[in-house]
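User: I would like to learn how to read confidence, helix packing and cavities in a model. Please take them one at a time.

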Amino acid sequence: RRGAVYSLLGAMAAVIAPHAGRLPAWLMLLVGACLLWQAAATARSWKPLSRWLLALLSIASTVSIIAAFGPLPAREGSVALLALMAGLKCLELHSARDAHVATFLAYFLIVTHFLYAQDALLALYMLGVLAWLLATSIAFQDRNRSMAPRRIVRFAALVLAAAAPVALVLFLLFPRVQGPLFGSSTSMAGGTSGLSGRMTPGDISDLGLSEEVAFRVEFRGSQVKPGELYWRGPTLWDFDGRSWYASAQAGEIAARYEQGSREVAYRMTLEPHRRRWLFALDVPVVIPAEASLTADLQLRAAQPVRQRMRYEMRSHLNYRVGMHEPPRVLQRALRLPEGFNPRTMALAQELRERSTDAGSIVVAALELFRTQPFSYTLAPPPLGRDSVDEFLFDSRRGFCEHYASAFTVLMRAAGVPARVVTGYQGGEQNRLGDYLVVRQSHAHAWTEVWLENRGWVRVDPTTAVAPARVETGSSARWIEEGRHALAPAGALAALFDLRQLLDSMAKSWNEWVLDYSPQRQRNLLRDLGLGHPSWPTLGLLMVGLVAFVIGMVALLNLSDLRPRQHDPVQRAYRRFCAKLARIGCVRQPHEGPIDFAQRVARLHPPLAEPVQHITDVYVRLRYAAPAASTATELRALVRGFEPGS
């Protein structure tokens, strides 16, 4: 039984290991020590630990958990306590009952992982751990050790396969409850929260290093060029000398679109980011339910986005908006704090004196970025109090927020109303699923300036320094900047294809499993002709289908109870019985092999020895663990057996 114990300890380690980043280090070390101790004790046949020692260890560990998580532990404390109990239980594997209890604790630990994340890779990993634990349970049930390891694994796989139809029925028909587990989104644990209503130099460049998915987009009809993919988020108005802040004002927009402007339809699947921002291309034509569009084109949800959100969108890519802004809005778009960035103020005055109108000021500032030795980098140097001065005249190295901030300050100082817009630019086309993936690394910032008779116009100063950033998107940056310079080109291409495959799998998992909402369940029942059943009716239907599936599985398994014609051991023994039947010794249906051999020996004493030998070999092969005897040996014995007449 040592192999079963080792298997249980390994499965327990596999189920607890993903909690390593969530549980205290001392707890993980304690659980690991328990598993290693039991493995050594099993290998060397050590005496069990004293019950007093185990009790003292349990009390001390429990008190430590209460001290760390409080007397009423929430999610983390409950998981820590369960992991502790599972580890301590492994120290007293004295009987099969102890092993079963430890296995059940491991089953509960599998469930706890889905309180933090519910992605497809985690589900696949936990399915493998579940199969491992099930095979271990079967091994502990096999007290006679008659099953080979391969047969145990096959049996566990068959049990899981038989349970799959029942799990499918329960998934489809079990009444769905709106909202995430424990009142919070499980998919945000440890994730990147994305853009906020504040932009400080370095914020977006930090996001530029993250490959987490921000949202996915499926276009309806014609695709959009990469240079047109500006996913608008928070609009930032207020500047304190270093940071920009979003407006808290809301209102209806007054937009006049150009005749024949291009309209694009698409579906957004937004990952939870714990803020109210929704994202869309330029000017939305439709607004999602329970959302609003502010006067500065910010699309906002009624509540922070704590769950994955899907909404249909249509947007205009060519538009004119804000051509008749009131003076108070334009004055706000010119406001700058006093006493900051004196060199930038002087440069703006120079640009204004050399230009004839606001449009020429914009062109002159872009030409400055284009001709001076500015560079685009993910690792810009830190900036001090006069951050814009230091960037424009000293470092000249920055990410998109540096360029957008400096350009907006320069415009305001030159008398051109301007504001900062943050969001995402570009995207990564997934060829397998034909959709666009926008990651946190696509986070971007640009400027909008107000020009007379044109309204608010987008100006992206980053294009003057790094046009490839907008033309190709930022997903190629990790190759361009040499973050994987040591890897051959073929390996990079393979990694990129693998990432697309995994993302396509994650998208399908999200759509068909995680996003199976109460509404989708009602739609399924309606399509099946069931209308809108009540919960009791749905429960009865679910129980009936589960009973039907279990019955079908049981009927299929009944075939395993019949003698298998293809079993070589059974075929050899039946030939043996047929030979004895020719001399009048017919085996009765109720007669076992040993009783039959004893009756033949009484009726024909000369045949007692060969009959008993053949019967012993058959019993070992049929009912016990195969030893030295084989089916070939049995066939040879039966072939040479001649009872006479």
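Analyst: The topics follow in that order. This is a predicted model, where local features need pLDDT of at least 70, side-chain atom pairs count only at pLDDT 80 or more, and totals for chains, interfaces and linings use all residues. Residues are numbered from 1 along each chain as its sequence is written, and side-chain values use heavy atoms, with hydrogens and water left out.

User: Which elements have the lowest and the highest mean pLDDT?

Analyst: pLDDT is the predictor's confidence in each residue, from 0 to 100. Helix α16 (residues 477-480) has the lowest mean, 42, and strand β16 (residues 418-425) the highest, 95. Helices (H or I, at least four residues) and strands (E, at least two) are DSSP runs, numbered from the N terminus. The protein chain averages 85, and 88% of the residues score at least 70. Over residues 475-486, pLDDT stays under 50.

User: How do I read the packing of α1 and α2?

Analyst: Two packed helices are described by the angle between their axes and the distance between the axes. Here α1 (residues 2-16) and α2 (residues 25-44) pack at about 170°, with axes 10 Å apart. Axes are lines fitted to C-alpha atoms, for helices over the stretch in contact, and angles run from 0 to 180 degrees between N-to-C directions. The two helices are therefore roughly antiparallel (angles over 145 degrees). Contact means heavy atoms within 4.5 Å; among the residues that meet are Leu9 and Met12 in α1 and Val31 and Leu35 in α2.

Methods: Angles under 35 degrees count as roughly parallel, over 145 as roughly antiparallel, 65 to 115 as roughly perpendicular and the rest as oblique.
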